[in-house]
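Colleague: I am new to this structure and would like a close look at one part of it rather than a tour of the whole. Please choose a strand with its surroundings and go through it slowly.

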Amino acid sequence: QAEIFQEFTVQEESVILRINLSVLLDCLTIFGTSSLPGASTALRMCYRGYGYPLMLFLEEGGVVTVCKIKTQEPDELLDFDFCSTNVVNKIILQSEGLREAFAELDMTSEVLQITMSPDKPYFRLSTFGNAGSTHLDYPRDSDLIEAFHCNQTQTNRYKISLLKPSTKALALSCKVSIRTDAQGFLSLQYMIRNEDGQICFVEYYCCPDEDVAEGEL
Amino acid sequence: MRFRAKIVDLACLNHFSRVINTIAKLAKTCTLRLTVSKLYFILSDKVANGGVSLWCELCQGNFFDEFQIEGVAAEHNEIYLELVPENLSRALKTAQSAKAVKIKLSNKHCPCLRVAVELPSLSRSSRIVTHDIPVGVIPRRLWNDFREPSVTDFDVSIYLPVLKTMKSVVERMKNLSNSIVIEANLRGEMNLKIETDLVSITTHFKDLGNPPWASEDGGQSSTQGGDLEGVAEARIDIKKLQQLLAGQQVNPTKALCNIVNKKIVHFILLHEDVSLQYFIPALA
């Protein structure tokens, strides 16, 4: 947060609130989205606690806008309990390598099968659709792979419909890390660099599809 | 009834086109009133318009090199036409680099404004593109429907903020709400407010200034008792406000509004040779 905010005070250990994202975006861009040279918008955001609205104060050129966004009951966050010490296999690759693959995935397949292994085929993406099965293999020494730490051969299937939303993050990112733990839980971490050069991470967690026989290649 | 006019100067032509483009953004159909000295684009506050009125006035001498009119009768040397301004706007789009544009009222099969655009061409004879824009002739007995609306007993009169900022703010607010409240006082302060189930947003403008006549009338009209201290507000349809602001292609020389508390907001935008008045009534 220190990279983005000049002041940042949180008086409780953690504060969770739920708000409408498009309303927040409209408020943040109330003075327009194009940044004129010389014009900068200042923002102050505060939240008094449960039951209070999220307050935004924006100022540009002497004009002040005050926004009160109503908050909602936060959903329970799913805790996948994915811990880096339990990671069995990890691959870091450049996003462009994965983007093409994801763009060509056979969407008639219900699942995406990911195989990670210290031996051949090293890293394989498979689908089983109406036209047949497809397997996409990445060579171990591919330029796109920045790090390859696979200790065990693992094959896991994940519902394609659950992974689909992650393609938006994939499109914006420059690098992605793919990790699995002993239970086959999948962690996708996307490194995104925004227009100002700031780096942020988006993480996706997905549990394996349960009606699958393991070891199937 | 006769009318013919001609524009030769390219700057005047582009300026005229810009005015027509603005009108086209504000009204699907409107009335064009032609007199010896002026052109007026008028929209009356019928329910079909959502109750808004428009009054735009141009001095013909600032635009046209030739302008001849013969009205319905000698004592009433005026012509009132009903037309779709978008048609005129589209015709003028072809005139961006024209040598001359002639406009003439004609009645070959039905009343039309014939717009003849003379375009430059490599050969000796010029190319002429002609647009026939259908118009309705409004009979004299209905002319009273199109008188200039006036809002004399306003509660607050105030100069508008920089239109660009106002436009950005209103556009964002339009995503979140159907109505907007404009509130202003005699100390040069204006607020734009929306309030919905999800969010409430208020934008505060200061140091806008009030026109010199503001305080004179402000005192006379406080029928609700003296404790109003010159504050007025009105809740209006946000789309109408956004249309007005979006249609401004050039910054006006003067921009102000008069507010009658909870009744109507009267916007006045003045350019060098065009004045535009737009009336947005308060929502019930």
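Modeller: A residue is called buried when its relative accessible area is under 20%, exposed when it is over 50%, and partly exposed in between, with a 1.4 Å probe and protein chains only. This is a predicted model, in which local features need pLDDT of at least 70 and side-chain atom pairs count only at pLDDT 80 or more, while totals for chains, interfaces and linings use all residues. Residues are numbered from 1 along each chain as its sequence is written, chains are lettered from A and ligands numbered from 1 in the order in which they are written, and side-chain values use heavy atoms, with hydrogens and water left out.

The part I have chosen is strand S12 of chain B, which spans residues 179–185. Strands (E, at least two residues) and helices (H or I, at least four) are DSSP runs numbered from the N terminus. S12(B) is mostly covered, since seven of its seven residues are buried. Ser179(B), Val181(B), Glu183(B) and Asn185(B) point one way from the strand, and Ile180(B), Ile182(B) and Ala184(B) point the other way, with buried residues in both sets.

The next matter is the partners of S12(B), where two strands are said to pair if DSSP finds at least two bridges between them. One partner is strand S15 of chain B, residues 231–237, which pairs with S12(B) in the antiparallel sense over seven bridges. Within that pairing, Ile182(B) from S12(B) stands opposite Ala234(B) in S15(B). Another partner is S13(B), which is also antiparallel to S12(B) and is joined to it over four bridges. Here Glu183(B) has Asn191(B) of S13(B) opposite. S12(B) and S13(B) form a hairpin with four residues between the strands, and in this hairpin Gly188(B) takes a positive phi near 75°.

The hairpin also brings us to charged side chains. A salt bridge is a side-chain nitrogen of Lys or Arg within 4 Å of a carboxyl oxygen of Asp or Glu. Glu183(B) makes one with Lys193(B), at 3.3 Å from N to O. Because Glu183(B) lies in S12(B) and Lys193(B) in S13(B), residues 190–195, the pair ties together parts that are 10 residues apart in sequence. The two ends of this pair are placed as follows: Glu183(B), at 17% relative accessibility, counts as buried, whereas Lys193(B), at 25%, counts as partly exposed. A further salt bridge joins Glu189(B) to Arg187(B), with their closest N and O atoms 3.8 Å apart. Glu189(B) is partly exposed at 29% relative accessibility, and Arg187(B), at 57%, is exposed.

For comparison, it helps to look at another salt bridge of the same chain, formed by Arg33(B) and Glu78(B), whose closest N and O atoms are 3.0 Å apart. Arg33(B) lies in strand S2 of chain B, residues 30–34, and Glu78(B) in the loop between strand S5 (66–70) and strand S6 (79–83) of chain B, so this pair ties together parts that are 45 residues apart in sequence. Arg33(B) is buried, with a relative accessible area of 15%, and Glu78(B) is buried as well, at 18%. Over all chains, the count by this rule comes to 11 salt bridges.

Finally, a word on how chain B meets its neighbour. The contact (heavy atoms within 4.5 Å) takes 20 residues from chain A and 18 residues from chain B. Between chain A and chain B the count of salt bridges is zero. On the side of chain A that touches chain B, the elements giving two or more residues are helix H1 (21–28) and strand S3 (63–69) of chain A. Of these, S3(A) gives the most, with seven residues. S3(A) is also joined by six bridges to strand S14 of chain B, residues 199–205, and the two run antiparallel. In that pairing, Lys68(A) stands opposite Ser200(B) in S14(B).

Chain A has antiparallel pairings of its own, including that of strand S4 (residues 87–94) with strand S10 (residues 173–181) over seven bridges, where Asn89(A) faces Thr180(A) as its opposite residue in S10(A). S4(A) also pairs in the antiparallel sense with strand S8 of chain A, residues 145–150, over five bridges, and there Ile92(A) stands opposite Ala147(A).
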